[in-house]
Amino acid sequence: MLIKKTEDLRSSEITPRNLYLNRRRFLSGAAVAGAAVATGFGLREIVSPSTSALAGNKIDGITKSPLSTTEAITPSRDVTTYNNYYEFSTDKDGPAKLAQNFRTRPWKVKIEGQVEKKQELDVDTIIKMAPPEERIYRHRCVEGWSIVVPWVGFSLSELIKRVNPTSKAKFVEFTTLLDPGQMPGQQRQVLDWPYVEGLRMDEAMHPLTLLCFGMYGEALPNQDGAPIRIIVPWKYGFKSAKAIVRIRFTDKQPLNTWNISAPTEYGFYSNVNPNVDHPRWSQAKERRLGEFFKRPTLMFNGYGDQVASLYSGMDLKKNF
């Protein structure tokens, strides 16, 4: 057996703690399968109890979206306990613990900048702007892992059209809540707080770009971006801003947080592109959360047919 020393390992090669525990859970589950049948209990109840971090926040009236992938959905337990959310913690299992008492009501979102209808909207007013849709999207992290999640929301374009951007609006900037008291990760200068992200206007208006307030048929858990976030499925996950408090329309390209922190590693566009390596690891393969083996990374995360035309004529190695 080949054993690598720590200094020889790239971070993308390290098996996430969640996957290791899942494997142990699987082995222990197999061991009790016979007992489950003998005693009349279902194996599903032993390996994956019906109680969930999402329980009690069901969203009614959800329609299924034709934009969904047909790939197998990642179990909610994995998605709600393995999170990139530096406002709470840089550890993957930290946000689920530290965000339990995060307050998501009352919650206001300011609409500012190059827009005719500047306003401050209650999050529940925004949520009621359009019927909720369930969209099963692939979601790819720059670190090499991926998930498939049934997000709930509606196209961001629904909100944008209602606030009437002016002809000067070329970009949309999203700002996350700044509250170190509730978000302990903001007490450390890991990043330049508050977290800021941005999209080009045509990216923001694309039907795939989701204004998201739920997942797995229920309200977003705190550790997954409650109460409202963006999902841009053809881009790396950090482009999908969480806990949004401000949406600003601008004529200039926003300075997004990760690009400020490490401009040679994280560009503004951040489209999933297996042909552009991160300076410290390859992006050619990914590991689906809950699986052991890697799979090839797809250009635009597999959404090339829908979004490649947005970047016609651009050098995607230069504009990464």
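## Secondary structure and overall measures

The protein has nine helices and 13 strands, where helices (H or I, at least four residues) and strands (E, at least two) are DSSP runs numbered from the N terminus. This is a predicted model, in which local features need pLDDT of at least 70, side-chain atom pairs count only at pLDDT 80 or more, and totals for chains, interfaces and linings use all residues. Residues are numbered from 1 along each chain as its sequence is written, and side-chain values use heavy atoms, with hydrogens and water left out.

Of the 320 residues in the protein, 50% are buried; buried means under 20% relative accessible area, exposed over 50%, and partly exposed in between (1.4 Å probe, protein chains only). The exposed surface of the protein is about 15800 Å², and carbon and sulfur atoms supply 53% of it. Accessible areas come from the Shrake-Rupley method with a 1.4 Å probe, and for residues only the protein chains shown count as cover. Among contacts with a separation of 6 or more, 71% join residues 24 or more positions apart; a contact means heavy atoms within 4.5 Å.

## Strand β4: Arg135 and Glu134

Strand β4 covers residues 133-140 and includes Arg135. Arg135 counts as buried because its relative accessibility is 1%. Its side chain makes two listed polar contacts with other side chains, one to Glu133 at 3.1 Å and one to Ser155 at 2.8 Å. A polar contact is a pair of N or O atoms within 3.5 Å; within protein, one must be able to donate a hydrogen and the other to accept it, and residues adjacent in sequence count only if both atoms are side-chain atoms. Beyond residues up to four places away in sequence, Arg135 touches residues including Ser65, Leu67, Trp151, Phe154, Pro207 and Leu210. Val149 is also touched by Arg135; the two are 14 residues apart in sequence and 7.9 Å apart in space, C-alpha to C-alpha.

Glu134 is in strand β4 as well. With a relative accessibility of 12%, Glu134 counts as buried. The side chains of Glu134 and Lys64 are joined by a polar contact of 2.8 Å. Neighbours within four places in sequence aside, Glu134 is in contact with Ile62, Thr63, Lys64, Ser65, Ser68, Pro150 and Trp151.

## Helix α6 and Glu116

Helix α6 spans residues 156-163, and its buried residues include Leu156, Ser157, Leu159, Ile160 and Val163. They lie on the same side of α6 because they cover an arc of only 160° around the axis, the arc being that of the directions from the helix axis to the C-beta atoms. Asn164 follows α6 and has a positive phi, near 55°.

Glu116 is in the loop between β2 (108-113) and β3 (119-122). It is exposed, with a relative accessible area of 57%. Apart from neighbours within four places in sequence, Glu116 is in contact with Val163, Asn164 and Thr166. The C-alpha atoms of Glu116 and Val163 are separated by 6.5 Å, and the two residues are 47 residues apart along the chain.

## Gln223 in a loop

The loop between β9 (218-219) and β10 (229-231) contains Gln223. Gln223 is buried, with a relative accessible area of 8%. A polar atom of the Gln223 side chain lies 2.8 Å from the backbone oxygen of Thr80.

Thr80 also appears among the contacts of Gln223, together with Asn83, Tyr85, Pro95, Ala96 and Ala99, leaving aside neighbours within four places in sequence. Gln223 and Lys97 are 126 residues apart in sequence, with a C-alpha to C-alpha distance of 8.3 Å.

## Aromatic rings and charges over them

The structure holds 14 aromatic pairs. Rings of Phe, Tyr and Trp (its six-membered ring) pair if their centres lie within 6.5 Å; planes under 30 degrees apart count as stacked, over 60 as edge-to-face and the rest as tilted. One of the pairs is that of Phe292 and Phe293, which is edge-to-face at 5.3 Å centre to centre, with 90° between the planes. Both Phe292 and Phe293 are exposed.

Phe171, Phe268, Tyr269, Phe300 and Tyr311 form one aromatic cluster. Lys239 lies over the face of Phe268, at 4.3 Å from the ring centre. Arg138 lies over the face of Tyr303, at 4.5 Å from the ring centre. A charge sits over a ring if NZ of Lys or CZ of Arg is within 6 Å of the ring centre and within 35 degrees of the ring normal.
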